[in-house]
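User: I should like to go through this structure with you, a few short questions at a time. Where would you begin?

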Amino acid sequence: MSDTSSLHDRARPVADLLKTLSHPARLVIACALAEQARSVGELEQALDIHQPALSRHLALLRTARIVSCRRDGQSMVYHLSDDKTGQLIMALHGIFCAPEATS
């Protein structure tokens, strides 16, 4: 039988991750980045989230260590920073975002 305090200790970071992803815009951003790394301009165009709001959400996702970025010329390219987070996002993406099979 597993130690209850150990379960609570492991649950805390997952709960924090889910709390951060609970905003629809942040979840959509994470899903887009699960598909591929993208620049701010690509995210803005693909997701129809205007730059000021997009920057705020990306900053929160970076603070939570859900996304990381690298400079590519004058652009910042964002990607998911953690494999476990990517697995969770891809599972959600597969369940809720994949095109539904036609009957």
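Analyst: With a definition: a polar contact is a pair of N or O atoms within 3.5 Å; within protein, one must be able to donate a hydrogen and the other to accept it, and residues adjacent in sequence count only if both atoms are side-chain atoms. Helices (H or I, at least four residues) and strands (E, at least two) are DSSP runs, numbered from the N terminus. With those terms, Asp82 caps the N-terminal end of H5, since one of its side-chain oxygens lies 3.3 Å from the backbone nitrogen of Lys84.

User: Before we go on, what kind of model is this?

Analyst: This is a predicted model, in which local features need pLDDT of at least 70, side-chain atom pairs count only at pLDDT 80 or more, and totals for chains, interfaces and linings use all residues. Residues are numbered from 1 along each chain as its sequence is written, and side-chain values use heavy atoms, with hydrogens and water left out.

User: Back to H5, then. What span should it have at 1.5 Å a residue?

Analyst: The expected span of a helix is 1.5 Å times one less than its number of residues. For the 15 residues of H5 (83–97) that gives 21 Å, and the end C-alpha atoms are 19 Å apart, which agrees.

User: And which of its residues are buried?

Analyst: Thr85, Gly86, Ile89 and His93 in H5 are buried. Buried means under 20% relative accessible area, exposed over 50%, and partly exposed in between, with a 1.4 Å probe and protein chains only. Seen down the axis of H5, the buried residues fall within an arc of 95°, so they line one face of the helix. The arc is that of the directions from the helix axis to the C-beta atoms. The face turned away from this buried side carries the exposed residues Asp83, Lys84, Gln87 and Ile95.

User: What does the buried side pack against?

Analyst: The buried residues of H5 pack against H1, H2 and E3. Contact here means heavy atoms within 4.5 Å.

User: Let us turn to the core. Which residues have the most contacts inside it?

Analyst: Ile29 and Leu80 do, within a largest nonpolar core of 21 residues. Such a core is a set of buried Ala, Val, Leu, Ile, Met, Phe, Trp, Tyr and Cys residues joined through side-chain atoms within 4.5 Å. The elements that give two or more residues to this core are H1 (4–21), H2, H3, H4 and E3 (75–80). Its largest share, seven residues, comes from H2.

User: Which residues of H2 are buried, and what does Ile29 touch?

Analyst: In H2, Ala25, Arg26, Ile29, Ala30, Cys31, Ala32, Leu33 and Ala34 are buried. Neighbours within four places in sequence aside, Ile29 is in contact with Leu47, Ile49, Leu54, His57, Leu58 and Leu61. H2 itself covers residues 24–35, and its twelve residues reach 17 Å from first C-alpha to last, close to the 16 Å expected.

User: Leu47 brings us to H3. Which residues are buried there?

Analyst: Val40, Leu43 and Leu47 are the buried residues of H3. Viewed down the axis of H3, they fall within an arc of 65°, so they line one face of the helix. They pack against H2, E1 (38–39), H4 and E3.

User: What follows H3?

Analyst: Asp48 follows H3, with a positive phi near 55°, although Asp48 is not a glycine. Asp48 sits in the loop between H3 (40–47) and H4 (51–63), and at 62% relative accessibility it counts as exposed. Arg65 also has a positive phi without being a glycine, of about 60°. Arg65 lies in the loop between H4 and E2 (67–72) and counts as exposed at 68% relative accessibility.

User: Now the sheet. In what order do the strands lie?

Analyst: The open sheet of three strands has the order E1-E3-E2, with antiparallel pairing. Two strands pair if DSSP finds at least two bridges between them. E1 and E2 are the edge strands, each pairing on one side only.

User: How many bridges join E2 to E3?

Analyst: Six bridges join these antiparallel strands. Arg70 stands opposite Val77 in E3, and Arg71 stands opposite Met76 in E3. E2 and E3 form a hairpin with two residues between them, and Gly73 in the turn has a positive phi of about 70°.

User: And the chain overall: how do the elements run?

Analyst: There are five helices and three strands, running α-α-β-α-α-β-β-α from the N terminus. Of the 103 residues, 29% count as buried. The C-alpha trace spans about 50 × 45 × 20 Å along its principal axes.
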